[in-house]
Amino acid sequence: MQDKRGVVQFTSSKIEDLMFRTTLDLKSMEGDIIVNLSIADADDIVDVLEFLKLTSNSGLSVSPFLKVLESGDVIGDLTIPEGKVGIATMCSMTIDGVLLKSGIMTNPKFGGVVQIRNGLPVRFTDVLTYTSTTIDPLEVLMSQDITSVTRMLQTGSGKILANLREVHLAKRDEINSVLSGMMDIGINGILEVGDPNSRVLDVPVERDHLGVVVIGGTNPMAIMKEQGINIRTNAMSTLMDINSMDKIEDFF
Amino acid sequence: MTDPQIERKLIEIMRIINESDRPVGARIIADELRNRGYNLGERAVRYHLRILDERGFTEKHGYTGRSITSRGKEELEEALIGDRLDFVITRIEDLIYRTDYDPVKKQGNVIVNVSYVDKDDFEKTAGLMRSAVDYSISPRVGIFEEDSEDIFVPRGKVGIATVCSITFDGILLRHGIPVKPNFGGILSMENNEPVVFKDLISYRGTSIDPIKIFLMRHSTSVTGLLQSGSGTILANMRSIPQSAAGDAHLLFQQLHESDIGGLLAMDHESGNVLGAPVDIGMSGIVVSVGVNALAVVEEYGIDVNTRPVSTIMDYGTMKSL
């Protein structure tokens, strides 16, 4: 990412911009959310939707909301190419945007790989902080052959993508209430909420803060990649009106 | 999870055992722990070793000592992410201190990257590497066969050591210039000249080496650059105080006589160098990285496994391809 002067933009500032522009209201169910945009071959759309359903049912996606875009459709500054199909899914950073609109400032720290053993998250095994990279960390980690999301789905043990933000403990009760409000509308990608001043999934947090770990919105695409589907994901692409989106179960 | 303090001691013990090529006893471990700032007596070490045995991370060989198991090695790679967050830069710093190449006497150690290719692909690899020599640090390489005693080479492979760009940081430091590598990145080139960084990853705040990340993503197009003069290469950036820029220039000139080059830009006026941020009062130095020569090989479709910033090597033993 570069600005007009040709200076590169780090992910952390891109996130703050997107968080600010998130307007989803949990009560009225109106407003914009942050989406990841994936591009796949149009012929593969049936398989892609199957995998999205599978991951949604297994709790490996952030939310059931998605939008399928045909070739020629324009989203952000991108046009879906000929013979391709675009799939917009909710980005986990939407949660930070919603928290912000409720008056809770989160500090997104990093994206990483979380080891899951028998269905339970154990620890982060690799991480990349948002301030240190111009490419989305989860996009980076997806390409390093260190995830095993398919195995996790099949056996309950494996390595998946997730990210961590820190929140000041003064807002502890509000966080819980906003997070449960999100779960009510189907946003259930929260993996772990730590205690104040305690490690969360083996990662120390700043003093008087607690860590919140959310499943990466790109896990379904990581599975498709592991399964040999030709799919390319632009994480944190743009914003989209939630009412223009469908739910995965509408397709079946 | 047990107490992080105990966990850290367990990991340190495993690291010590892992660094040795033969089984290690409790006394040697206790001595080495003391070197590293952990005060643990021999008895306490034995206690910790029993925990490691129970977890299946180490195994006992009679009285000679313990060795690490494959599960233990896995654990070393996965545990204590909080400590490993700055692991990349810490490991690089260790190698920076061990670099002692003298540009005037033309002797000493340089830092190298080690790449492995199949034996059958070696001839083709060497040819491709020669073609991209202008975008690496030095035409000199070290070649290692399976039976090498210096570097572990897996069966059926050949190990190729290329001079790593972090060598510059080691040499600058030895000449009293404070330096830290800041970013690795993808640099776009036009008419064979560097234009701007497309993407950057900092050497801090990552548990994986930035250059390794870009290599795995196949994000270079050195082949395009060689054919048309336009493409993308891997490069990294460090900053030094502006007042040291003159000395640094001189060192780069001296190193040229040892066939060590790769300087792409040194800048301190605009607050950035080729798009990478530079603090006020500092000069940013951008250097192409040695593994560009291997990026070409990967672009060609040959399987390469590269470990950037791997170890140090006597530059005198390295030969032109």
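Below is a short exchange about sheets, helix packing and voids in a predicted two-letter-chain model, A and B. Residues count from 1 along each chain as its sequence is written, while chains are lettered from A and ligands numbered from 1 in the order written. Because the model is predicted, local features need pLDDT of at least 70 and side-chain atom pairs pLDDT 80 or more, with totals for chains, interfaces and linings using all residues; side-chain values use heavy atoms, leaving out hydrogens and water.

Colleague: Let's start with chain B: in what order do the five strands of the open sheet come?

Modeller: Strands here are DSSP runs (E, at least two residues; helices are H or I, at least four), numbered from the N terminus, and two strands pair if DSSP finds at least two bridges between them. S7(B), residues 193–202, and S9(B), residues 263–267, sit at the edges, each pairing on one side only. The pairing is antiparallel, and the order is S7-S6-S8-S12-S9.

Colleague: And what does the twist average from one strand to the next?

Modeller: Angles run from 0 to 180 degrees between N-to-C directions, on axes fitted to C-alpha atoms (for helices, over the stretch in contact). Going across this chain B sheet from one strand to the next, the twist averages 30°.

Colleague: Which residue in S7(B) stands opposite Gly185(B)?

Modeller: S6(B) covers residues 180–190 and runs antiparallel to S7(B), the two being joined by eight bridges. Opposite Gly185(B) in S7(B) you'll find Leu200(B).

Colleague: Which helix packs on that sheet?

Modeller: Look for contacts, meaning heavy atoms within 4.5 Å. The helix touches S6, S8 (231–241) and S12 (282–288) of chain B, and its direction makes about 15° with that of S8(B). Spanning residues 166–174 of chain B, this is helix H8.

Colleague: Still in chain B, at what angle do H2(B) and H3(B) pack?

Modeller: Ala26(B), Arg27(B), Ile29(B), Ala30(B) and Leu33(B) from H2(B) meet Glu42(B), Val45(B), Arg46(B) and Leu49(B) from H3(B). By class, that contact has six nonpolar, no polar and three charged residues (Ala, Val, Leu, Ile, Met, Phe, Trp, Tyr, Cys and Pro count as nonpolar, Asp, Glu, Lys and Arg as charged, the others, Gly among them, as polar). The axes of H2(B), 26–35, and H3(B), 42–55, lie 9 Å apart, at an angle of about 110°.

Colleague: Over to chain A: which strands stand at the edges of its five-stranded open sheet?

Modeller: The order is S11-S1-S5-S2-S12, with antiparallel pairing. Each edge strand has a single partner, so one side of each lacks a neighbour in the sheet. Those edge strands are S11(A) and S12(A).

Colleague: What is the bridge partner of Ala40(A) in S5(A)?

Modeller: S1(A), residues 32–41, pairs with S5(A) in the antiparallel sense over seven bridges. In S5(A), Ala40(A) is partnered by Val85(A).

Colleague: At what angle to S11(A) does H7(A) run?

Modeller: H1(A) touches S1 and S11 of chain A, its direction making about 35° with that of S11(A). H7(A), residues 219–226, lies across S1, S5 and S11 of chain A, and runs to S11(A) at about 160°.

Colleague: Now voids: what volume does the largest cavity have?

Modeller: On a 1 Å grid over the protein atoms alone, a cavity is a set of points where a 1.4 Å probe fits but can't get out; a pocket is an open set with protein on both sides within 12 Å along at least five of seven lines, and lining residues have an atom within 4 Å of a point. Points join across faces, edges and corners, and volume is the space filled by probe spheres set on them. The search finds three cavities of 30 Å³ or more; the largest has eight nonpolar, six polar and no charged residues in its lining. Its volume is about 120 Å³.

Colleague: Which element gives the largest share of that cavity's lining?

Modeller: Of the 14 lining residues, Leu52(A), Ser61(A), Ser63(A), Phe65(A) and Thr89(A) lie nearest the centre. The elements giving two or more residues are H2, S2 and S5 of chain A. The largest share, three residues, comes from H2(A).

Colleague: And which element gives the most to the lining of the largest pocket?

Modeller: That pocket has a volume of about 2400 Å³, and among its 47 lining residues Asn18(B), Glu77(B), Phe87(B), Arg91(B) and Arg307(B) are closest to its centre. The lining divides into 18 nonpolar, eight polar and 21 charged residues. With eight residues, the top contributor is H6(B).
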